[in-house]
Amino acid sequence: MSACANLCQRRDRVLTRMCDGTGVVFQPDMMCEANLDNCSEGKLRQFEAYVECIEAMNICSLEAINACASKYPGGRNLQCAVRG
(Lines give C-alpha, C1' and ligand atoms only; values in the text may rest on other atoms or scores of the structure.)
Protein backbone atom coordinates (compact mmCIF):
# COMPACT_ATOMS: atom_id res chain seq x y z
CA MET A 1 0.00 0.00 0.00
CA SER A 2 1.42 3.37 -0.94
CA ALA A 3 1.85 6.22 1.49
CA CYS A 4 -0.66 8.22 -0.55
CA ALA A 5 -3.31 5.52 -0.22
CA ASN A 6 -2.67 5.26 3.48
CA LEU A 7 -3.16 9.01 3.94
CA CYS A 8 -6.28 9.00 1.79
CA GLN A 9 -7.72 6.09 3.73
CA ARG A 10 -6.90 7.70 7.06
CA ARG A 11 -8.61 10.95 6.06
CA ASP A 12 -11.64 9.17 4.65
CA ARG A 13 -11.94 6.84 7.65
CA VAL A 14 -11.83 9.58 10.28
CA LEU A 15 -14.21 11.91 8.45
CA THR A 16 -16.64 9.11 7.61
CA ARG A 17 -16.65 7.85 11.20
CA MET A 18 -16.65 11.23 12.92
CA CYS A 19 -19.11 12.99 10.63
CA ASP A 20 -21.65 10.16 10.44
CA GLY A 21 -24.95 11.42 11.83
CA THR A 22 -23.92 15.09 11.77
CA GLY A 23 -24.94 17.86 9.41
CA VAL A 24 -21.57 17.56 7.64
CA VAL A 25 -21.77 15.41 4.53
CA PHE A 26 -18.52 13.72 3.58
CA GLN A 27 -18.01 11.52 0.54
CA PRO A 28 -14.67 9.70 0.22
CA ASP A 29 -12.64 10.84 -2.77
CA MET A 30 -12.15 7.81 -5.01
CA MET A 31 -9.45 9.69 -6.95
CA CYS A 32 -7.46 10.75 -3.87
CA GLU A 33 -4.50 8.44 -4.40
CA ALA A 34 -4.28 9.20 -8.13
CA ASN A 35 -4.42 12.93 -7.36
CA LEU A 36 -1.39 12.57 -5.07
CA ASP A 37 0.73 10.30 -7.26
CA ASN A 38 2.78 13.14 -8.76
CA CYS A 39 3.10 15.34 -5.67
CA SER A 40 6.41 16.51 -4.31
CA GLU A 41 7.49 15.45 -0.81
CA GLY A 42 6.67 18.95 0.44
CA LYS A 43 3.11 18.80 -0.84
CA LEU A 44 2.66 15.30 0.57
CA ARG A 45 3.85 16.58 3.97
CA GLN A 46 1.17 19.30 3.81
CA PHE A 47 -1.46 16.65 3.10
CA GLU A 48 -0.14 14.46 5.91
CA ALA A 49 -0.26 17.39 8.35
CA TYR A 50 -3.82 18.16 7.21
CA VAL A 51 -4.83 14.52 7.79
CA GLU A 52 -3.20 14.54 11.23
CA CYS A 53 -5.07 17.75 12.07
CA ILE A 54 -8.38 16.17 11.06
CA GLU A 55 -7.57 13.06 13.08
CA ALA A 56 -7.02 15.27 16.14
CA MET A 57 -10.44 16.97 15.83
CA ASN A 58 -12.81 16.19 18.68
CA ILE A 59 -15.94 16.99 16.68
CA CYS A 60 -16.97 17.00 13.06
CA SER A 61 -17.89 20.50 12.00
CA LEU A 62 -17.24 22.63 8.97
CA GLU A 63 -15.44 25.08 11.26
CA ALA A 64 -13.04 22.39 12.53
CA ILE A 65 -12.37 21.05 9.03
CA ASN A 66 -11.85 24.58 7.70
CA ALA A 67 -9.47 25.33 10.60
CA CYS A 68 -7.30 22.40 9.51
CA ALA A 69 -7.49 23.60 5.91
CA SER A 70 -6.42 27.09 6.99
CA LYS A 71 -3.56 25.72 9.06
CA TYR A 72 -2.39 23.46 6.20
CA PRO A 73 -3.71 25.15 3.05
CA GLY A 74 -1.65 22.98 0.73
CA GLY A 75 -3.19 19.81 2.10
CA ARG A 76 -6.87 20.08 1.43
CA ASN A 77 -8.10 18.76 -1.93
CA LEU A 78 -4.50 18.37 -3.06
CA GLN A 79 -4.03 17.46 -6.71
CA CYS A 80 -0.68 17.35 -8.44
CA ALA A 81 -0.44 17.38 -12.22
CA VAL A 82 1.78 14.99 -14.08
CA ARG A 83 5.26 16.42 -14.34
CA GLY A 84 6.16 17.07 -17.92
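Where is the place of asparagine 35? In this predicted model, asparagine 35 lies in helix α2. The residue counts as buried, because its relative accessibility of 16% falls under the 20% limit. Apart from neighbours within four places in sequence, asparagine 35 is in contact with Asp29, Leu78, Gln79 and Cys80.

Leucine 78, one of these partners, sits in the segment after α4. Its relative accessibility is 12%, so leucine 78 is also classed as buried. Beyond four places in sequence, the contacts of leucine 78 are Asn35, Leu36, Cys39, Lys43 and Phe47. Leucine 78 is 63 residues from leucine 15 along the chain. The C-alpha atoms of this pair are separated by 16 Å.

Asparagine 77 is likewise placed in the segment after α4. This residue is exposed, because its relative accessible area of 61% is over 50%. The backbone of asparagine 77 has a positive phi of about 55 degrees, although the residue is not a glycine. Most residues other than glycine have a negative phi.

The cysteines were examined next. Cysteine 39 is found in the loop between α2 (32-36) and α3 (41-56). With a relative accessibility of 8%, cysteine 39 is buried. In sequence, 41 residues separate cysteine 39 from cysteine 80. In space, their C-alpha atoms are 5.1 Å apart. Cysteine 39 is among the contacts of leucine 78, and cysteine 80 is among those of asparagine 35.

Cysteine 19 belongs to helix α1 (residues 3-19). Its relative accessible area is 4%, so cysteine 19 is buried. Cysteine 19 and cysteine 60 are 41 residues apart in sequence. The C-alpha to C-alpha distance of this pair is 5.2 Å. Outside the window of four places in sequence, cysteine 19 is in contact with Val14, Val24 and Cys60.

Cysteine 8 is also found in helix α1. At 5% relative accessibility, cysteine 8 counts as buried. Residues up to four places away in sequence aside, cysteine 8 touches Cys32, Glu33, Leu36 and Phe47. Two of these names, Leu36 and Phe47, recur in the contact list of leucine 78. Arginine 45 lies 37 residues from cysteine 8 along the chain. The C-alpha atoms of cysteine 8 and arginine 45 are separated by 13 Å.

Helix α3 was checked for its span. At 1.5 Å a residue, its 16 residues should cover 22 Å. The end C-alpha atoms of α3 are 22 Å apart, so the expected and computed spans agree. Within α3, the buried residues are Leu44, Phe47, Ala49, Tyr50, Val51, Cys53 and Ile54. Phe47 is in contact with leucine 78 and is touched by cysteine 8.

The loop between α3 and α4 holds serine 61. Serine 61 is buried, because its relative accessible area of 12% is under 20%. The side chain of serine 61 reaches the backbone nitrogen of alanine 64 at 3.0 Å.

The search for empty space came last. Rolling a probe the size of a water molecule over the atoms shows where such space is left. The largest pocket has a volume of about 220 Å³. Its lining comprises 13 residues, and those closest to the centre are Leu15, Phe26, Tyr50, Arg76 and Asn77. Two elements, α1 and α4 (62-71), give two or more residues to this lining. Helix α1 gives the most, with three residues. By class, eight of the lining residues are nonpolar, two are polar and three are charged. Tyr50 belongs to the buried set of α3, whereas asparagine 77 is exposed.

Notes
Residues numbered from 1 in each chain as written. Predicted model: local features only at pLDDT ≥ 70, side-chain atom pairs only at ≥ 80, totals over all residues. Heavy atoms only, no water. Helix = DSSP H or I, 4+ residues; strand = E, 2+ residues; numbered from the N terminus. Buried < 20%, exposed > 50% of the residue type's maximum accessible area, 1.4 Å probe, protein only. Contact = heavy atoms within 4.5 Å. 1 Å grid on protein atoms, 1.4 Å probe; cavity = no way out; pocket = protein on both sides within 12 Å on 5 of 7 lines; lining within 4 Å. Points joined across faces, edges and corners; volume = space filled by probe spheres on them. Nonpolar A, V, L, I, M, F, W, Y, C, P; charged D, E, K, R; others polar. Expected span 1.5 Å × (residues − 1). Polar contact = N/O pair within 3.5 Å; in protein donor to acceptor, adjacent residues only side chain to side chain.
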